[in-house]
Structures are given as structure tokens and as C-alpha cells.
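Please open the model in your viewer and keep the selection panel at hand. The stops below are meant to be taken in order.

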Amino acid sequence: MLMLAVATSAQAAPVVEAEPSRLVLGPRARAEITVRESGPGLHGAVSIGTLTTGLSGGDFTRYFWTPPPDARAPTLVLFAFWNGDSPTLGDITVLGLPCSGRTELAIETEPSAQVTVEVAGARFGPRRADRQGRLKLPVEVGPHAHEARVIAELSDQSKIRVLPLSLPPSPWLLAPSPSSSVEGAPVIVLLVVPDTEESAGIELVADGAKVEQLGTLGRRLLFRVTPDHDRSSVPLVARTLDGSVRAQTTLDVVRPVASAPVEPAPPQPPPGRWVLGGQIGGYVGGGANAGPQGAFIVGYGLPGLPVVLELEVGIRHQSMSVQVGTLGVQNSALTVFPLELAVRWEALSSGNFRLGVRGGGGLLIGSHHLSSTFDSELTEGALGWEVFAALQAGLQVGPVEPYLEVRPALSKVSTDHLEARPGVGIFSVGVRGVLK
């Protein structure tokens with residue numbers, strides 16, 4: 001197992017382990033990374049390849065690392081783990097996983113010599129050269145190897161040659177924390193340089209952002225990157241002073257998007273319902289056609305429609321007194337009971353305000369009483385009709401709806417001694433409610 005710990009800080013850095021401790025790159029290469037003693041908000045980064053979260057327990061979190069499919073060159077893979085979004089260098093644990101690459105060394109030596117190759121302490125061979133002294137020997141080269149020792153044995157003689165190895169540089173680890181900037185807020189950026197190369201200086205370049213170095217611990221550097229106000233992303237490039245790029249990533253700047261105004265949901269069609277109400281007021285019809293009126297109304301609202309069918313039963317009364325020549329005074333009183341059917345359309349509903357249109361008609365059933373100072377009294381039945389249209393405006397107050405009604409109408413009541421129009425214009429104040 002391979003572990004690399006950091007200096008103690010106010011918040012203990014995680015403990016990181018890798019299994020296996022070294023790899024040979026190939027199609028089946030894979031490593032398990034176990035992180036222990038981590039707090040909430042654990043973050044992880046890797047210099048190359050893919051790091052995915054695996055099984056987690058109460059005291060550990062496990063990750064799986066796989067190299068890029070085409071990775072064959074030796075490299076030192078760097079891992080970094082920390083807690084929270086603003087770590088210090090002492091809060092970060094860095095682990096290095098050496099990954100070897102397989103290759104064939106083309107060797108020229110004495111004919112039929114027995115050849116062994118040593119690379120970083122590992123021996124490969126022996127293998128015999130052909131009659132021209134040539135052979136190809138498979139070897140595994142690690143990221144820290146700088147040379148190969150070729151040992152050729154022929155009879156009791158041996159010859160040693162040293163072949164320098166030229167390996168590509170291992171990628172650097174470059175990781176922002178958090179991974180994006182919210183509204184251009186500063187972000188901490190970690191840069192780790194592997195120990196496999198002597199770099200010609202280190203610099204972090206951020207196009208469209210201010211870069212401040214916060215600290216250095218060995219080959220680990222911590223920066224603060226503040227994006228410019230007009231940037232939606234910032235490319236980050238870690239390179240040597242001679243311009244060789246070793247790592248690069250992009251820091252996204254997240255801007256709040258104004259949410260579209262939420263359209264109010266259309267009112268749901270009303271269910272079937274019973275409505276009870278009443279109204280009082282007065283009416284005028286010209287001349288002596290005027291008096292008080294009242295009504296009791298019961299209705300049924302049609303399911304899914306803003307329409308209410310209503311039955312109205314009311315009462316109206318009017319009276320008059322006239323001087324009949326020298327005979328005396330004659331008194332006339334008319335009382336009618338409207339029995340009418342109506343349809344009310346709930347045309348508008350805005351907040352608590354209600355506006356409705358109403359129309360209907362029916363019979364006017366009543367009695368006419370005639371008395372005078374010069375003749376006997378007379379009471380006779382009265383029958384008439386009415387058709388009307390009305391406009392209502394109301395205000396929903398809790399379970400009830402007070403409203404005003406203006407009702408133009410055509411009406412007529414006739415008897416043998418009277419013709420009246422009790423309801424050309426009717427003005428009422430009413431209240432109604434829905435039965436639960």
C-alpha cells in the first residue's frame with residue numbers, strides 16, 4: 001500500500017490508500033483508492049484518467065481509477081483529496097500512483113550473447129541475441145526510470161552498457177475548488193507537480209481572471225483565481241516557464257438566470273354545486289309602479305361550466321291613492337309573487353371580485369285590493385309576466401358573496417280593474433353562498 005500524508009492542520013487531512021500500489025498500463029489496468037478519516041464535503045481530483053465513486057461506508061469512501069484507453073507511456077498519476085470548498089495546503093492529501101509502460105528495447109550486442117536488462121532494479125531476460133547480435137527484449141519501464149542497464153554475457157565474459165531512457169513528462173494535477181465560480185466569486189486552485197521531472201519553473205495562466213499565489217508546500221501550490229466580471233468561463237493552463245503545458249482545465253462561471261415569470265394557473269372549472277341566496281331592494285316602472293321587493297333564490301351550478309340555473313321566488317308591493325272627483329278617495333294596492341327561472345353566467349372572477357350576467361323570466365302571480373270612501377271593497381286575483389336581463393357585481397368574502405344587481409325588465413300585470421308594470425327597473429342588494 002502506498003500512502004502520502006501531509007502536515008497536520010486545524011482540520012485533519014484525509015488518509016488515502018491505493019491498491020495496488022503500482023500498475024502496469026494496459027487494457028485491464030485499474031486501481032482502488034480508499035479515503036479514510038474524511039469529513040463532510042469530500043472532494044477528489046486526479047491528474048489523468050477517470051476517478052469514479054464506488055462503495056462507501058461509515059468511515060471510508062472508495063473510488064475507482066481507470067487510465068485513458070490509449071495510455072501506454074510510463075507516468076506518475078497524482079491524486080488529491082480534501083474536505084470543503086476552501087482548503088489550505090495542510091488540508092490536502094496527495095497520493096502518487098506509479099504506472100509502468102511495456103515496451104521493447106532494440107539491442108545490438110555480440111552474436112549469440114545472453115542478454116539481461118535491468119530497469120530501476122527490475123531484471124528482464126535473459127534472452128539470446130541472434131547471429132548478427134540483434135534482439136528485442138520486452139521490458140516494463142516505470143515513471144522514475146532514467147536508464148536501462150544492458151548486460152551481455154558470452155562464455156565467461158560479460159559486458160555492461162547503459163542506455164538512457166527518454167520518457168514523456170507526467171501530467172500535473174490541476175484542480176479548482178469549488179469546480180465552478182458562482183457569479184465570479186474567487187476560487188481556490190490546487191497545482192501539484194510530480195517528482196518525476198525537474199521542471200523549468202512553474203506558472204499558472206488564467207485568461208480573463210486574476211491569479212494570486214497563496215502558498216507553496218514542496219511541489220504543491222495553492223492559488224486564488226478571481227474571474228473578470230464579463231467572463232462566462234476561464235481557461236486555466238499550468239506550464240513550465242519555457243512554455244511547455246503540463247495541465248489545463250476550464251473554470252466555468254455560473255451566472256444566475258432570471259427565471260421566467262410564472263403564469264398563474266388557469267382557474268379550474270367549477271364542480272356541480274347548490275347555491276342559496278336572497279336579495280332585497282326596490283323597483284320603478286313609471287307613475288305609481290314603484291315599491292319594495294325581495295326574493296329568495298336557489299340555484300344549481302353546472303359541473304365544469306361557469307353557469308348557474310336559478311329558481312327565484314319573490315314578492316313586490318305597490319299602492320296608490322287617487323281623488324275621484326267629488327266622490328272621495330280611492331285606494332289601490334297590488335301585491336305580486338314573481339315565480340321565475342333564470343340563467344346566471346359567472347363571466348369574470350379576478351381575486352375576490354365577481355361579475356355576472358343574468359337573464360330569465362316567469363310569471364307574476366298576486367292579488368289586487370281596491371277600496372274607497374264611496375264604494376265597497378274589492379279583492380281580485382292578478383296574473384302577469386316578466387322577462388329580464390341583469391348585471392351583478394359581487395365580492396367574495398369567506399364563504400359568502402355579497403352583490404349588487406341592476407335589472408332592466410319588461411313586465412305586465414292585468415286585472416279587470418288594473419293594468420300595472422311592477423318591474424321596469426329593479427335595484428337589489430343580495431348575498432349568496434355555496435352549500436358544502
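This tour goes to a pocket and then along strands that line it. Keep in mind that the model is predicted.

**Stop 1: the pocket**

Begin with the largest pocket, which has a volume of about 640 Å³. Select Arg 273, Glu 346, Ser 349, Arg 354 and Gln 396: of the 24 lining residues, these are the closest to the centre of the pocket. Colouring the lining by class gives 10 nonpolar, seven polar and seven charged residues.

**Stop 2: the elements around the pocket**

Which elements give two or more residues to the lining? Select β22 (273-286), β25 (328-350), β26 (353-372), β27 (378-395) and β30 (425-434). β25 contributes the largest share, with five residues.

**Stop 3: β25 and β26**

Show β25 and β26 together; the two strands run antiparallel and are joined by 20 bridges. To check the register, pick Ala 342, which faces Gly 360 of β26 across the pair. Then move to the turn of this hairpin, where two residues lie between the strands. One residue to select in the turn is Gly 351, whose phi is positive, at about 65 degrees.

**Stop 4: β26 and β27**

Keep β26 on display and add β27. How many bridges join β26 to β27? There are 18, and this pair is also antiparallel. Select Leu 355 and, opposite this residue, Ala 393 in β27. β26 and β27 form a hairpin too, with five residues between the strands.

Terms used:
Residues numbered from 1 in each chain as written. Predicted model: local features only at pLDDT ≥ 70, side-chain atom pairs only at ≥ 80, totals over all residues. Heavy atoms only, no water. 1 Å grid on protein atoms, 1.4 Å probe; cavity = no way out; pocket = protein on both sides within 12 Å on 5 of 7 lines; lining within 4 Å. Points joined across faces, edges and corners; volume = space filled by probe spheres on them. Helix = DSSP H or I, 4+ residues; strand = E, 2+ residues; numbered from the N terminus. Nonpolar A, V, L, I, M, F, W, Y, C, P; charged D, E, K, R; others polar. Pairing = 2+ DSSP bridges.
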